[in-house]
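Subject: Structure handover

Hello,

Here is the structure I promised to pass on. Please open it beside this message and follow along.

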Amino acid sequence: MSRRTVHQAFALLGLLTTAILSACQNGFVGTVNLYISGVPASGVSNVVLAIRGVELGGDGGPLELPFGSEEQVDIDGSRTIILDGHDTPVSGYKWVRIDIDAADSYVIADNGDRYALDVPSQYQSTGNFLVGEGLTVNMLVDVDLRVALSSETKDGVRVYTLKELSRLVNLAETANLGGTVSSDISIGNVSVNDPGCDPAIYVYQGENAVPEGFFVPVKGGVVPIASAPLLLHANQDIYSFNATLLPPGNYTAAVTCTGEDIPGSRSIDFTPTQDAVVAVGHNTSLSFTPSSL
């Protein structure tokens, strides 16, 4: 090969490299919005996480995304965006890691007292998702504080622990299950209107599932994937519910008084179950009445 040919080859390689880098800079990226939320836990008013960074992971290894200053986020019952419109390389991803400063994270109990929070410095949530070219993906780290948050007292000091238990949800790929519950039904021997009943709908993946509680296992039972409170419409004498963030598929639902579903409980009562199929973009509804049970 002549010297001139070699120079031409290197020049061509340089042009190709420049083109590829330009394509990576001006294309082959999508946008990621990342939210975090928590299902409230009994006895807790606020769970505050001091977030200082976010990483995404896939086949190509971890990708650390630029993050501003440390931000304290209350995840108890709220949905907060922690990564807003960030350009991200087109790829398939398998997890999200949220970097947390445990020293600045804490819990506020219902009585207003503040307690330390023991939480992993890298809180990982797992689930496959794709960042497509020029597209926006909205992901949610959903933490059910009823099962992920616990506390114990050592030497007279109460400390809360947040376990690495969460769901990573693509908000564009979820469905809702709504409906109504008659005020005439009973759960076990307790009326849904009884002051001692805090009624809720429990939802399970699969048809004909045997319902159990978050803390009360049942032989052959299925762990609930979600629950939602019943809201009373007094002028209509009927309750309504809306269970959200469900992956499309087949489900079983039942109504319970949630006061029995706490750590240490041994039994929990449900209404007879109903099956439902939920799909993205469609409203699926169930009705619990004495005649349907």
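Two strands count as paired if DSSP finds at least two bridges between them. Strand E14 and strand E20 (residues 238-246) pass that test with seven bridges, and they run antiparallel. One bridge to look for joins Val 181 to its partner Tyr 239 in E20.

Please keep in mind that this is a predicted model.

**How far to trust it**

The protein chain has an average pLDDT of 88, and 90% of the residues score at least 70. The start of the chain is another matter. Over residues 1-26 the pLDDT stays under 50, and the model has four contacts there beyond four places in sequence. Where pLDDT is low, the predicted coordinates should not be read in detail.

**The sheet around E14**

E14 (residues 175-182) has another partner, E23: the two pair in the parallel sense over six bridges. Within E23, Ser 287 is the bridge partner of Thr 180. The whole sheet is open, has four strands in the order E19-E20-E14-E23, and its pairing is mixed. Which strands stand at the edges? They are strand E19 (231-233) and E23; each has a single partner strand, so one side of each is left without a neighbour in the sheet. From one strand to the next, the twist averages 25°.

Now look along E23 itself. In a regular strand the side chains alternate between the two faces of the sheet. Strand E23 (residues 283-288) shows such alternation. Thr 284, Leu 286 and Phe 288 point to one face and are buried. Asn 283, Ser 285 and Ser 287 point to the other face and are not buried.

**Another open sheet**

Four strands form an open sheet in the order E5-E1-E10-E13, with mixed pairing. Its edge strands are E5 (79-89) and E13 (167-170), and each pairs on one side only. The twist here averages 25° from one strand to the next. Strand E1 (residues 29-39) is joined to E5 by eight bridges, and the two run antiparallel. Ser 37 has its bridge partner in E5, namely Arg 79.

**Two cores**

In soluble globular proteins, nonpolar side chains tend to be buried together. The largest nonpolar core in this model has 37 residues. Leu 49, Val 96, Leu 117, Leu 149 and Leu 162 touch the most other members. Strand E2 (residues 44-58) gives the largest share of this core, six residues. A second, separate core has 25 residues, including Ile 187, Val 203, Val 278 and Phe 288.

Leu 117 is a good place to zoom in. Its contacts, leaving aside neighbours within four places in sequence, include Val 47, Val 48, Leu 49, Ala 102, Tyr 106, Leu 149 and Leu 162.

**The disulfide**

A disulfide is a covalent bond between the sulfur atoms of two cysteines. How many does a search of the whole structure find? It finds one. Cys 197 and Cys 257 form it, with their sulfur atoms 2.0 Å apart. The pair links distant parts of the chain, 60 residues apart. Cys 197 sits in the loop between strand E16 (190-191) and strand E17 (199-205), while Cys 257 is in strand E21 (residues 249-257). The link is left-handed, with -95° about the S-S bond.

Are these cysteines buried or exposed? Buried means under 20% relative accessible area. Cys 197 has 9%, so Cys 197 is buried. Cys 257 also counts as buried, because its relative accessibility is 9%.

**A few single residues**

Thr 271 lies in the loop between E21 and strand E22 (274-278). At 3% relative accessibility, Thr 271 counts as buried. Beyond its neighbours within four places in sequence, Thr 271 is in contact with Ile 185, Ser 186, Ile 187, Ala 254, Val 255, Phe 288 and Leu 293.

Most residues other than glycine have a negative phi, and most peptide bonds are trans. Asn 208 is not a glycine, yet its phi is positive, about 55°. Asn 208 lies in the loop between E17 and strand E18 (226-229), and at 60% relative accessibility Asn 208 counts as exposed. Leu 245 also is not a glycine and has a positive phi, about 60°. Leu 245 lies in strand E20, and at 10% relative accessibility Leu 245 counts as buried.

Best wishes

Definitions and conventions. Residues are numbered from 1 along each chain as its sequence is written. This is a predicted model: local features need pLDDT of at least 70, side-chain atom pairs count only at pLDDT 80 or more; totals for chains, interfaces and linings use all residues. Side-chain values use heavy atoms; hydrogens and water are left out. Axes are lines fitted to C-alpha atoms, for helices over the stretch in contact, and angles run from 0 to 180 degrees between N-to-C directions. A disulfide is a pair of cysteine sulfur atoms within 2.5 Å. Buried means under 20% relative accessible area, exposed over 50%, partly exposed in between (1.4 Å probe, protein chains only). A nonpolar core is a set of buried Ala, Val, Leu, Ile, Met, Phe, Trp, Tyr and Cys residues joined through side-chain atoms within 4.5 Å. Contact means heavy atoms within 4.5 Å. pLDDT is the predictor's confidence in each residue, from 0 to 100.
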